[in-house]
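Me: Please take a close look at one part of this structure for me. Pick a single pairing, then work outward from there to the rest of the model.

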Amino acid sequence: MRGLPAAVLAALAVLALVFVRGLNDYWIHVAIIAMFYGILTSSWSLLAGYAGLFSLGHMAFASIGAYTSALLIQWYHIPIPLGMVAGIALCCLLGAWIGWVCLRMSGPYLAIFTLAFSEIVRITFSTEDEVTAGMAGLHTVTLFSTQASRLPFFYLAFALLAGSLALIGLIVHSRWGLFLRAIREDEQAAAASGVAVARFRILAFAVASGFAALAGTFYAHYIGILTPSLGSLDLMAVVVVMTVIGGMERIPTAVGGAFAVEFLQEYLRAYGEWRLVIFGLILLLTMRFARNGLITPLWLQLVRFGEPRRVSAGAPTAPREAGQEGSGG
Amino acid sequence: MNGPAGPDATRTLVSGAALRRHFGGITATDGVDFSVVEGDLIGLIGPNGSGKTTLINMLTGHLNPDAGDVLVRGRRMTGRPPHEFASLGVARTFQLTQLFGRMTVLENMLVPGLTRPRSNRESAARQARHYLTFLNLIHLEGLDAKNLSGGQQKLLELGRALMLEPSVLFLDEPFAGVHPKLRDELIRRIEELHASGRTFVVVDHDMESILRVARRLVVMARGRKIADGPPAAVRADQTVLAAYSGL
């Protein structure tokens, strides 16, 4: 990603940083939660959109990371950043292990396996209430005081999202990104082309799970209370809906989906449960008419608009609809 | 006429010894010996279900034999994953073309190019464009692979295999479903590549095309190798004629 799309994203980021001071606490909170989802959707996009590994265990890793950090801090009084790093490291290892166990699975089998894993994690956290406080909620230490302003959380969430996008962007634009897409398209052909399929599948799971844990640990030390519902299938469905509505095969569109759905969800709060019906309808229409997501056409338009015009040199070089080398993110 | 005519062990690129593979109750290959010597252009033929694809799947790491051994340049590779075969210069195409459909023609070429040690995007792209020009696909480099015609897809799959700079290429039914004009082009390209030092194993039903390119013919029937030698001699073999006419 370079040129105009990068400039537009940078401008949006600057605008957000400038105008956040004019927002009230409620909308700052909505923006923070949107960025929390932004980390989740971008990393899930890496796994499901790029590598084609449709895992439903993403929120389970967010939950494991969150509980690991919160409990280590509670038991050993370690600094919060260290707890967060421990949660992320554990989820990278656990993600790699799940990736290894699922090596021969894809499509619905992988989805069902990770769904079962997710439910096992949620029920374990729920049942072991002597350790996790179960559904009563585990009180966590917050990163900053919540009494004054939420702005420090906003800036931190912003930095974490920006850092995550930079890292995930580096991955998808590198040869690793190309290999992951090749694996998504045809594992056998990727292997015949020299791609170490098993290694890259495991790597995709490990990296995505690490980012899920980053989001989960931030959430734990922002909200101040942690329940097993962080790893529920409801929240997993929200991440899937956001990513699919935005466009799961590109990182910016997946993040755009998180922001669009989160802000719309709050904006439509007056409609109560009906807003969920509206989102259901949007999802149906997306799957029927815009499988690449609703934001993807706008993003591609922006990418095309920013491309230098080519001088025709005889044979036509067909314009590429999607994922031109290096434009995947 | 069984057994290759004394392959030079030092020049043997890929070999399979007593390869046996069952699928359920069916024996796909039954103790097949097969070796590919540097500079070979082997035509591997046989009726449907004779075990040709199973054999090359085992020789390229895509299938583990139930018994027997696979060696690449003398190194035992039985049970190793396909990407390790690719890194040793064993490339292949598939019976039903398997491209990265939603990736561009150039990206399809870059994938194997970038798996090579010390490769970078610039040199891989340069090499890819060289082969795309050779295969007359350069004007399509920005197009998604799924949008190519059947023949162009076969050519791209060959190009993708060439990006590994392989010492031996296994082509599984490269002429199937290809327009005669493109088939001629494919044959020309294979001959040119062979003349430049590449080694080929070509599997196909299209006897006419195989006989146009092959310098050595291997015939399989019912999971066994029934003939191996110069095309003229194999064609005259009564066992081959019987197997090929379904007797």
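Reply: Arg21(B) has its bridge partner in β2(B), and that partner is Thr29(B). This is a predicted model, so every value below is computed from predicted coordinates. The two strands involved are β1, residues 12-23, and β2, residues 26-37, both of chain B. They run antiparallel, joined by nine bridges. Two residues sit between the strands of this hairpin. Gly24(B) takes a positive phi there, near 60°.

Stay with Thr29(B), which lies in strand β2 of chain B. Is Thr29(B) buried or exposed? Thr29(B) has 30 other C-beta atoms within 10 Å, so it is buried; the cut-off is 20 or more. Setting aside residues up to four places away in sequence, Thr29(B) touches Leu19(B), Arg20(B) and Arg21(B). It also touches Gly51(B), Thr54(B), Leu55(B) and Gly223(B). Glu192(B) is another matter: 163 residues from Thr29(B) in sequence, and 32 Å away in space, C-alpha to C-alpha.

Next, the core. The largest nonpolar core has 168 residues. Ala204(A) and Val219(B) touch the most other members. Helix α10 of chain A, residues 197-223, supplies the largest share, 18 residues. In soluble globular proteins, nonpolar side chains tend to be buried together. Take Ala204(A), leaving aside neighbours within four places in sequence. Ala204(A) is in contact with Leu46(A), Leu47(A), Ala51(A) and Leu53(A). Gly99(A) and Leu180(A) complete that list.

Gly99(A) leads to α4(A), where it is one of the buried residues. Helix α4 of chain A covers residues 80-101, 22 in number. From first C-alpha to last it reaches 31 Å, close to the 32 Å expected at 1.5 Å a residue. Its buried residues include Gly83(A), Met84(A), Ala86(A), Gly87(A) and Ile88(A). Leu90(A), Cys91(A), Cys92(A), Leu94(A), Gly95(A) and Ile98(A) are buried too. What covers them includes α3 (58-76), α5 (107-127) and α10 of chain A.

Ala13(A) gives a contrast in setting. It is found in helix α1 of chain A, residues 4-19. Ala13(A) has 14 C-beta neighbours inside 10 Å, so it counts as partly exposed. Phe158(A) is 145 residues away from Ala13(A) in sequence, yet 8.7 Å away in space, C-alpha to C-alpha.

Now chain A as a whole. Its secondary structure comes to 14 helices and two strands. Of its 329 residues, 48% count as buried. Among contacts in chain A with a separation of 6 or more, 79% join residues 24 or more positions apart. The C-alpha trace spans about 70 × 50 × 40 Å along its principal axes. A compact globule of 329 residues would have a radius of gyration near 20 Å, and the 20 Å of chain A agrees.

Last, the interface. 27 residues of chain A are in contact with 31 residues of chain B. On the chain A side, α8 (175-185) and α9 (187-192) are the elements that give two or more residues. α8(A) gives the most, with six residues. By class, that side has 14 nonpolar, six polar and seven charged residues.

Definitions and conventions:
Residues are numbered from 1 along each chain as its sequence is written. Chains are lettered from A and ligands numbered from 1 in the order in which they are written. This is a predicted model: local features need pLDDT of at least 70, side-chain atom pairs count only at pLDDT 80 or more; totals for chains, interfaces and linings use all residues. Two residues are in contact if their C-beta atoms, placed from the backbone, lie within 7 Å. Helices (H or I, at least four residues) and strands (E, at least two) are DSSP runs, numbered from the N terminus. Ala, Val, Leu, Ile, Met, Phe, Trp, Tyr, Cys and Pro count as nonpolar, Asp, Glu, Lys and Arg as charged, and the others, Gly among them, as polar. A nonpolar core is a set of buried Ala, Val, Leu, Ile, Met, Phe, Trp, Tyr and Cys residues joined through C-beta atoms within 7 Å. A residue is buried if 20 or more other C-beta atoms lie within 10 Å of its own, exposed if 12 or fewer, and partly exposed in between; C-beta atoms are placed from the backbone. The radius of gyration is taken over C-alpha atoms; the globule rule is 2.2 Å times the number of residues to the power 0.38. Two strands pair if DSSP finds at least two bridges between them. The expected span of a helix is 1.5 Å times one less than its number of residues.
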